[in-house]
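Trainee: I'm new to this one and would like a close look at a single part. Could you pick one pairing of side chains, walk me through it, and then show me what lies around it?

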Amino acid sequence: MPELPEVETIARGVDERLRGDRVVEVWFGGHTEPFATAPAKQVEGLEGREILGVRRVGKHIVCTLGEGGKPRAEWIVHLGMTGRLLVTTPEGPVAAHTHARLTLVSGREMRFVDPRRFGRLALRDLSQEAGFVAAGAEPLTITADDFLRVFRGRKLAIKAALLNQTLLSGVGNIYADESLFRAGIRPRRMAGRLKRAELERLREALQLVLRKAIELGGSSVSDYVDADGVKGFFQLEHRVYMRTGEACLVCGEPIRRIALAGRGTHYCPVCQR
DNA sequence: CATTTCACCTGGTGGC
DNA sequence: TGCCACCAGGTGAAAT
């Protein structure tokens with residue numbers, strides 16, 4: 001489900017609602033896949049702690065837990081393809097595939113739901129480990145020079161490069177396709193062969209699309225919802241993603257779909273060179 | 001090393 | 001209706 005704008009929307013929503021709240025009790029479901037850190041260690045880091053803040057790092061949601069205002073641990077949630085992080089009341093019906101429930105002093109509850117179980121939950125004990133940092137550059141604020149540097153010499157398709165989280169952290173399939181369309185660049189072009197002007201167009205298109213998507217609460221293609229269960233609206237602004245065979249909104253040519261880097265990739269053969 | 005492919009899961013859709 | 005193939009917002013391990 002979630003790329004940078006969706007994760008940002010959820011992180012902001014959880015931060016607004018739960019900052020200053022305190023974890024009373026943690027419940028975990030029986031599936032093992034979501035646990036990148038042993039459940040017992042996660043319980044230890046969470047229970048009794050105050051939520052000092054919640055932020056997005058790449059596609060990860062980082063909840064800082066502490067005592068007396070001092071950070072002691074980070075609970076890191078990655079939503080995979082179908083993960084949801086919801087703030088609810090304990091009485092609300094529990095959705096299928098709920099893997100974690102955190103009851104809070106305020107009487108609310110935070111839930112992690114993920115049908116496909118590609119999502120991951122981890123805990124970093126800040127007395128033993130450093131805080132979580134992204135592997136790649138931040139797409140929203142990367143400078144023109146750094147953007148050029150990221151792709152220089154790369155012998156892979158620009159679409160594949162955009163999806164590589166160690167280069168940029170946060171771009172996924174929707175926003176890769178949408179930014180390449182707006183920059184007029186074919187997804188298969190080799191990253192290292194793009195001209196300076198093309199890469200600058202791409203950076204501007206990417207940042208525009210990401211900012212606009214955050215404003216609209218993300219893209220709800222099938223089942224994405226924010227921390228309150230509310231859908232986003234950026235899917236109404238998609239120009240190529242999941243529009244295979246439909247007319248290009250600029251030139252009328254049918255939008256094409258190819259497989260690239262194992263992902264469905266959508267582009268206009270006329271507008272993108 | 002850099003790059004590519006595929007397995008990991010459930011659920012929805014569309015063809016027969 | 002049932003069955004099956006294929007597809008889906010991601011990523012890491014294995015292969016090349």
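Mentor: Sure, let's start with Glu-138, which forms a salt bridge with Arg-56, the closest N and O atoms being 3.1 Å apart. Keep in mind as we go that this is a predicted model. Where do the two partners sit? Glu-138 belongs to the loop between strand E8 (120-125) and helix H3 (144-151), while Arg-56 is part of strand E2, so their pairing ties together parts that are 82 residues apart in sequence. As for how covered they are, Glu-138 is partly exposed, because its relative accessible area is 27%. Arg-56 has a relative accessibility of 12%, so it counts as buried.

Now stay on Arg-56, since there's another partner to look at. Its side chain also meets that of Glu-8 in a salt bridge, at 2.7 Å from N to O. Glu-8 lies in helix H1 (residues 4-18) and Arg-56 in strand E2 (residues 50-57), so here the link ties together parts that are 48 residues apart in sequence. Are these two buried or exposed? Both Glu-8 and Arg-56 are buried. Bring in Arg-12 and you have a network of salt bridges that links Glu-8, Arg-12, Arg-56 and Glu-138. The idea behind such links is simple enough: side chains of opposite charge can pair when their charged atoms come close.

For the wider count, the whole structure has 21 salt bridges. One of them joins Lys-212 and Glu-215, with the closest N and O atoms 3.8 Å apart. Lys-212 and Glu-215 are three residues apart in helix H6 (residues 196-215), so about one helical turn separates them. Lys-212 is partly exposed, because its relative accessibility is 36%. Glu-215 comes out at 62%, so that residue counts as exposed.

Helix H6 leads us on to the nonpolar side of the story. The largest nonpolar core has 32 residues, and those that touch the most other members are Phe-147, Phe-151, Ile-158, Leu-162, Leu-168 and Leu-202. At least two residues of this core come from each of H3, helix H4 (158-163), helix H5 (173-183) and H6. The biggest giver is H6, with eight residues. Try zooming in on Phe-151: setting aside neighbours within four places in sequence, its contacts are Ile-158, Ala-161, Leu-162, Leu-168, Ala-191, Gly-192 and Leu-199. There's also a second, separate core of 30 residues, and Ile-10, Val-54, Leu-65 and Tyr-224 are among its members.

Last stop, the DNA. Strand B is surrounded by Glu-33, His-97, Pro-115, Arg-116, Arg-117, Phe-118, Arg-154, Lys-155 and Leu-156. Of the atoms of DNA strand B that come within 4 Å of the protein, 66% belong to sugar and phosphate. By class, the surface near the strand has five charged, three nonpolar and one polar residue. A few contacts are worth finding on screen. An N or O atom in the side chain of His-97 is 2.7 Å from a phosphate oxygen of DNA strand B. Arg-117 has a side-chain N or O atom 3.2 Å from a sugar or linking oxygen of the strand. With Pro-115, a polar backbone atom is 3.5 Å from a sugar or linking oxygen of DNA strand B.

How values were computed:
Residues are numbered from 1 along each chain as its sequence is written. Chains are lettered from A and ligands numbered from 1 in the order in which they are written. This is a predicted model: local features need pLDDT of at least 70, side-chain atom pairs count only at pLDDT 80 or more; totals for chains, interfaces and linings use all residues. Side-chain values use heavy atoms; hydrogens and water are left out. A residue is near a molecule or strand if one of its heavy atoms lies within 4 Å of it. A polar contact is a pair of N or O atoms within 3.5 Å; within protein, one must be able to donate a hydrogen and the other to accept it, and residues adjacent in sequence count only if both atoms are side-chain atoms. Ala, Val, Leu, Ile, Met, Phe, Trp, Tyr, Cys and Pro count as nonpolar, Asp, Glu, Lys and Arg as charged, and the others, Gly among them, as polar. A salt bridge is a side-chain nitrogen of Lys or Arg within 4 Å of a carboxyl oxygen of Asp or Glu. Helices (H or I, at least four residues) and strands (E, at least two) are DSSP runs, numbered from the N terminus. Buried means under 20% relative accessible area, exposed over 50%, partly exposed in between (1.4 Å probe, protein chains only). A nonpolar core is a set of buried Ala, Val, Leu, Ile, Met, Phe, Trp, Tyr and Cys residues joined through side-chain atoms within 4.5 Å. Contact means heavy atoms within 4.5 Å.
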